Amino acid sequence: MKQVVQNYKSGELAVLDVPVPGCKPGGVLVRTAYSLISTGTELMKVSEAGMSMLGKARSRPDQVAKVMQSVAANGLPATYRKVMGKLDSYTPLGYSLCGVVEQVGAGIDDVKVGDVVACAGNEHALHAELNWVPRNLYVPVPDGLAPRHAAFGTVGSIAMQGVRQGEPQLGEVALVIGLGLIGQLVVQLLTASGVRVVGADPDPARCELAARLGAVACGDPGSAAVEAAVAELTDGHGVDQVYLAAGGGSNQPVELAASLARDRGRVVDIGKCRLDLPWNAYYEKELDVRFSRSYGPGRYDPEYELEGRDYPIGYVRWTERRNLACFLDLLARGRVDVEPLVSHVAEFDHAVETYQRLKDGDLKAVAVLFRYPEPTGEEQAQRSAQAPAVAVPSVRRGDRSPAPARSAASPVRLAFVGAGNYATSMLLPHLAQRDGVTLSTVVTTTALSAANAQRKFGFAQATTDLDAVLEDPSVDAVFVVTRHSSHAELTRRALLAGKAVFVEKPLALTEEELAGVLAAVEESGNDRLQVGFNRRFAPLLREARTRLGVRSGPANLRYLVNAGRLQHGSWYLRQGTEGTRFAGEGGHFVDTASWLLEADPVSVYAVATSGNEDLQVVLRYPDGSTATLSYVTTGAPGFPKETLDLVADGKVLKLDDFVRASVHGPKRWVSSRLPKARDKGQSAQLAAFIKAVRTGGPMPVPLESLVATTAATLAVQTSLAAGAPVALAGPR
């Protein structure tokens, strides 16, 4: 299928061929009929992409701050790779469309194949021929409403949420500053609510359009006409509400709002304009400044948007989905008219040219639509044959032998399932240029991430069809680098298919999932498994352990992990589906401790602060050694992420965040203070895995150790619940 994309580093726009997205549970696959260009938000993104790196940094100081935090935590080289990898990737455009349901995922019963729906979301309602859209981001289109008009649903919801924040009442007077796409819709919604509207915009054509659509008066914000109209309509008191629907770097909109609002009036920010509030003016009138958050309640809440959890109507009357449905109803009943806003309809194949014309100013437009071609009969037949009806189709089961060792001259063929930030910044850069490795296929559920990985790392194929990869006899090994909740099932399926498997941590989130993986090993006879516990391969830590020498007595290990707080909306926070944060990444630190102590733990005891944000985990080992893991989220961001001390036999091993290490004893050893990079062992681990696959030799870490580490990590939650130590059974 085709999709409009942009490279944020170079500014390049393209219509790219990408795989069809999979139809996951909890959503529908929609074939787009029309999608709407947001001439404000999208053109701002397009313009930013054309800036220099310095210009990009100035326009997004919030992102610069995140980069600096990453440098402090992960070092400059790793951060540079991550940032440049993200910049030099294709990003999607679009967030408002109308289309036809082509497949229905498991758990969806409110629409069926063939229904016309309006869709929202900058990750789901993209300028693409096909989109997977979760339950709360689509609504059925009322009978009789034209698809080209229903494509306005998202921007209509944005305007509607802004109006709701202003709480208009019958007979009031409002000022709308900025008469672009959102401003024109705000004018109509206010008029439909019984409010008299004055519009302000420097473009005479937009003022004329707003007047035709219901505004009582319109004019240039710098002219006396707007002030005079407000004075006449309000008897000199000022407007009840001001809606800021303008963009740009001028502070004129907020100053005009203060000048023309009545005492204790309401000012609602909908657009993205400069907000240097003149303190005296806002203070003296005690103006109520409010912000409108996009489409409405539910926005930026992954449980609402991605997991389909609705808010009770008795507590939250208007959500994203209800706003979307309400706006479509107004369109269907003729209370709002979007046809006069349509300045241009472009064929989807001409998307790049259309964006360029808008950017250059050759095309003056309030709203522009892309019209998509109807699928041919052959395309429909191909999709029916390739795309499963559910997200995770079953696979054949039976006894399978591990893949045979390959000759030294034969390349190891790898498939990647998942191509997120970690895969593209920490794994694939080490594999793409490695001799004796062929990147065969990348599999993702979202089409664009697969296309990005294929372009950047040279995969031979990109697809959303996992079954085809598992059944491909030429694929030697499968990398599972997806979200945590899918690791165990994907690993189980790949083992049953006879593939060697590299799965990022965690291997499993529950004891049942771990048992399922082991059952697959037993059933298939295939134990070719490696979990991404890379720290035991870090060159600095390995050298420090060698310098420490062989222990003769028990050891005491302290490991401080300054994990830091997660950003709001991070999928790590979805404990209902993705497990706890420690279950997801704690295996790293358990494995490192066990490798240093050369044994698997026999008991786990965990305590936590209020809310389980900070954990203290004590691991006990057969020879009496102990390891105390302090996993904290409330530390200073500038402090090193990982520090470790191991005390034994009158010696101390000290590791400072994989930057420097030392061993204190009869002889003192201190590593170089200027390492080339913070190396946490990813490259060495991958080299060991590839060698094992090629030669048929043992995996880099014994399966018994992987199981013991996973069981100990899961036992942390059990210990927290019981308030007591948890004994661990011996390795199976």
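A residue is called buried when its relative accessible area is under 20%, exposed when that area is over 50%, and partly exposed in between, as computed with a 1.4 Å probe on protein chains only. With the whole chain in view, keep in mind that buried residues make up 52% of its 732 residues. This is a predicted model, in which local features need pLDDT of at least 70 and side-chain atom pairs count only at pLDDT 80 or more, while totals for chains, interfaces and linings use all residues. Residues are numbered from 1 along each chain as its sequence is written, and side-chain values use heavy atoms, with hydrogens and water left out.

Next, colour the chain by secondary structure, which comes to 26 helices and 31 strands; these are DSSP runs numbered from the N terminus, with at least four residues for a helix (H or I) and at least two for a strand (E).

Now select residues 2-7, which are strand β1, together with residues 13-17, which are strand β2: the two pair in the antiparallel sense over five bridges, where pairing requires that DSSP finds at least two bridges between the strands. Within this pair, Q6 stands opposite L13 of β2. The hairpin of β1 and β2 has five residues between the strands, and G11 there takes a positive phi near 85°.

Move on to the aromatic rings, of which the whole structure holds 14 pairs; rings of Phe, Tyr and Trp (its six-membered ring) pair if their centres lie within 6.5 Å, and planes under 30 degrees apart count as stacked, over 60 as edge-to-face and the rest as tilted. Select F348 and F370, whose ring centres are 6.1 Å apart with planes at 75°, so this pair is edge-to-face. F348 sits in the loop between β15 (342-347) and α14 (351-360), whereas F370 belongs to strand β16 (residues 367-371), 22 residues apart. F348 is buried, with a relative accessible area of 1%, and F370 is buried at 0%.

Then select F416 and F479, a stacked pair with 4.6 Å from centre to centre and 5° between the planes. Because F416 lies in strand β17 (residues 412-417) and F479 in strand β20 (residues 477-480), the pair ties together parts that are 63 residues apart in sequence. Add F459, F502 and F689 to the selection, and you have one aromatic cluster together with F416 and F479.

Finally, select K24 and W132: K24 lies over the face of W132, at 4.3 Å from the ring centre. A charge sits over a ring if NZ of Lys or CZ of Arg is within 6 Å of the ring centre and within 35 degrees of the ring normal.
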